[in-house]
Amino acid sequence: MSGFITILLVILVFVIIYQIGKASEYASVMRGQEVVKYKTNRILAWLLVAFFVLGVYGIWKCNEYFMPLMLPVAACDNGVKFDSMLYVTIVVTGIVFFATQTVLFWFVFRYQTTEKSKSFYFAHSNKLELIWTTIPAIAMAVLVAIGLKNWANVTSAAPANATVVEVVGKQFNWVVRYPGKDNELGKRDFRKINDANNVLGLDWTDPHNNDDIISQKGELHVVVGKPVKLLIGSRDVIHDVGLSHFRMKMDAVPGITTTMWFTPTITTDSMKAITGNPNFVYEISCDQMCGKGHYSMRGTIIVETQAQYDKWMSEQKSYYAENNAPAAGTEAPKAEVKMDSTKAVSMK
Amino acid sequence: MNHGEVIIEGPNVAHSAVAEHHGHEHHEQHFIWKYIFSQDHKMISKQFLVTGIIWAIIGALMSVFFRLQLGFPDSTFPIMEKFLGEWAKGGKLSPEFYYALVTMHGTILVFFVLTAGLSGTFSNYLIPLQVGARDMASPFMNMLSYWFFFLSSIIMLTSLFIETGPASGGWTTYPPLSALKEASMGSGLGMDLWLLSMALFVVSSLLGSLNYISTILNMRTKGMTMTRMPLTIWALLFTAVLGVLSFPVLFSGFVLLIFDRNFGTSFYLSEIFIGGKALPHIGGSAILYQHLFWFLGHPEVYIIMLPGMGMASEVLSTHSRKPIFGYFAMIISLIGITFLAFLVWAHHMFVTGMSPFLGSIFVLLTLLIAVPSAVKVFNWLTTMWRGNLRFNPPMLFAIGFVSLFISGGLTGIFLGNSAIDIHLHDTYFVIAHFHIVMGVSAFFGMFAGIYHWFPKMFGRFMNNTLAYIHFFITLAGAYLIFWPMHYEGIAGMPRRYYDFSAWETFKHFQDINAFISIVATIVFFAQLVFVVNFFASIFRGRKVTVKNPWGSTTLEWTTEIHPGHGNWEGDIPEVYRWPYDYKDDGNGGDFIPQTTPLRPGEESH
């Protein structure tokens, strides 16, 4: 019933608005069309100018509102470079934005039609066109130059001393794998995956796997000041490792391993102090639509000192020990059988 | 005022009815052939327009529903349950249907409204009228183009009502999400219907575009050289060229996806474990789909933008009573945009793991496209300089178009630069960017076109007061909705999230999300003002009493107020000059129609 009344009310409002519209039309006929035309034109010019002025004020207020809510200082060197590049781009485009919008609304006001005004026949000017082809081209060249330099930095090969960690996306959480004591990630095969005790499909015939540590809560521990290289993969659909605080992201694509590296410069604890937020945490957001739980696919990064990291690491049990110790002997052959059966299917 | 000025008709309304009976081609047609299976380009155009408006209402209503969820994640809205039933039990949108809504909102607005509804309407309407042709090259194909679109629409609409819901993998429908039924509810039957519908849509688009191109190239009237064509026609020509060259690539991408979904192939699938088992697919590439998709997807945004650019040029010039500035520069920049549109697609894929070197090339090509776009903006501004601006509704929307195109275009410079995109990719910054530039700005171009050519289409005017209300609410609303989203995006807030409350990094944007949702709802209702105005004016609007109410130079205004099938009675007029001769005609008028021969001693443009 209430829905019905709401709909009726909405219809009523539209009828009234329409009638007002029609009435104003008849009124303008009665008052003599030409005079009204110029008067309306003048009102509209003022309204447009008012829109512009209010708009600029709105931009100011919006900026004021958002400033305290923005991300804190970037937590890695490339992120800091990103921020300065973003700033340059905002300034360049900001100047163009205010200049062109001001000109637009100034012309609207200045060249509105009046009883006497006539337009000036001005069809083209090679000189002007040359100027405003060249200036944007130069501005773009500068921005491209800064951009490509940063891009080359961000996508360069990771330093040799980087810690390698694997991050794998699945619907709807992140799985993080550390190489363990041997500093090497073992082989894995999607056909060996088993949600109960082999979430990444580790190949137990590869000894490098024995000491690998897996966090199914999506906790990525990294050492401040030490480069970390992420090997990114996906078990099912495309996900994306989004690291807002480090100003970077990379897709997780099934069948392809992508990489991304950075050197964290601010620990989680220092960031709590910087932001004044005791609950501060570096979050990994999934930034590529991956299904109904996409919005809840959350991981965390804990940036800590070497000592804290070592302590945490020493408390971790290897994934093998956690899951397979009692049934280690039977697990490997089981996986073999499974692999064969999938092969058989694919051959049909 | 000049002789082209609007005069409101008094009691003598019989005028237009008389005009209709002069037509030597006029003969009574059965309702079905005149209004439904019509081969008259003007009627087909109106069919596209009305279908587009209906789709726009549906698509916009969807955005209101998911904005309610985003703005008020803790509240319930019983009215939603009335509309959506099971999908919004207790007035709370389910996550599955939230994703279905954002997917359908994107698909509907991008393809059904801003492609079919925009270029379908105006290419059909303006091409024959402005180049001086009696109809399209193939009126029959033209009719088929609409009916394929209609069929495609019906299938897409049907998918909204099936048990597993419509496609829900985003309007880009990236596999594997869209390829595997196990991955998402919407990847079941809904996705099959989506693909079928889109395949038919491509057919419709190709039938239309080929027709538009042949008509423009072959059927121009005597004297209508290419360089005497209005910029609308140039823009619509390149829109059609873009469609013809890129839609087939999308089609091939869809065919491979259909194969992967139903026939066990592995074009896009590799090494996947889902639904508790490992799938047999090996060796496919999920990224391949993205290349095929964006090879259309990026030209698609220019398919959406170019008609608006063309119409804004025409409207700005006419209502400024001044020639468009830099006619040739405008054409060259259209050519530049069209050419570059095919070379920038991978800027949507900077963070897919694509080779960084390839990324660099695409950065360069992408930022290159800013140059012709900038030239167009400066030319529009100069067109207004020292003009004689009349703020009729189409003019207001054209001004709004320029303002929004600047705002949305500038943020493209951020996203086209891979080193910035690496942070802003898939955040609300992207949402803000493309909604302003190819959403609202394209809509403003379309509104400018509708308000400008409505008198020609229906022989009546739309109501000005309602148009002004519509304009100011929409312009202010667009900025209020999308301006704050830039900040959210720079703060890293990801798009396509159902709820942010669990995120330490994003949850403090809740208030602004609520604000955006409220404005979006108001703007939705403001669009209904337009819809009411549109349909009421068809039947009750102020009648047009002169052939050329805006004082325009182009050919469509030389036809009768209600042109019959065939457009001109008697011979098609001959063209002697370029379309923007807004200058003293020697008799106190401020424009010279294209059909007026050059005066002795006058030089052609």
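Strand 7 of chain A, running over residues 248-252, is mostly covered in this predicted model. How many of its residues are buried? The count comes to 5 of 5. This strand has strand 6 (residues 239-243) of chain A as a pairing partner, with the two lying antiparallel and joined over 5 bridges. One of the matched pairs puts Leu243(A) opposite Met248(A), its bridge partner in strand 7 of chain A. Together, strands 6 and 7 of chain A make a hairpin, and 4 residues sit between them. In that turn, Arg247(A) stands out for its positive phi of about 60°.

Elsewhere in chain A there is an open sheet made of 5 strands, in the order 3-2-1-5-8 and with mixed pairing. Strand 3 (213-215) and strand 8 (258-262) of chain A are found at the edges; each has a single partner strand, so one side of each goes without a neighbour in the sheet. Going from one strand to the next, the twist averages 25°. As for how the edge strand 3 of chain A is held in place in the pairing, it runs antiparallel to strand 2 (residues 173-178) of chain A, and 3 bridges join the two. Here Arg177(A) has Ile214(A), in strand 3 of chain A, as its bridge partner.

Stepping back to the whole chain, chain A splits into two parts: domain 1 takes in 29-113 + 126-155, while domain 2 covers 163-347. Where the two touch, domain 1 of chain A brings 11 residues to the contact and domain 2 of chain A brings 15. On the domain 1 side, helix 3 (residues 77-110) of chain A gives the most, with 4 residues. That side of domain 1 is made up of 8 nonpolar, 2 polar and 1 charged residues.

Then there is the partner chain. Contact between the chains involves 102 residues of chain A and 112 residues of chain B. Which elements of chain A give two or more residues to the side that touches chain B? They are helix 1 (2-31), helix 2 (33-66), helix 3, helix 4 (126-155), strand 6, strand 7, strand 9 (282-286) and helix 8 (328-347). Both strands of the hairpin described above, strand 6 and strand 7 of chain A, are thus on that list. The largest share on this side of chain A comes from helix 4, which supplies 15 residues. Sorted by class, the residues of chain A that face chain B divide into 54 nonpolar, 31 polar and 17 charged.

Methods:
Residues numbered from 1 in each chain as written. Chains lettered and ligands numbered in written order. Predicted model: local features only at pLDDT ≥ 70, side-chain atom pairs only at ≥ 80, totals over all residues. Buried ≥ 20, exposed ≤ 12 C-beta atoms within 10 Å, placed from the backbone. Pairing = 2+ DSSP bridges. Domains from an automatic or database assignment. Contact = placed C-beta atoms within 7 Å. Nonpolar A, V, L, I, M, F, W, Y, C, P; charged D, E, K, R; others polar. Axes fitted to C-alpha atoms, helices over the stretch in contact; angles between N-to-C directions.
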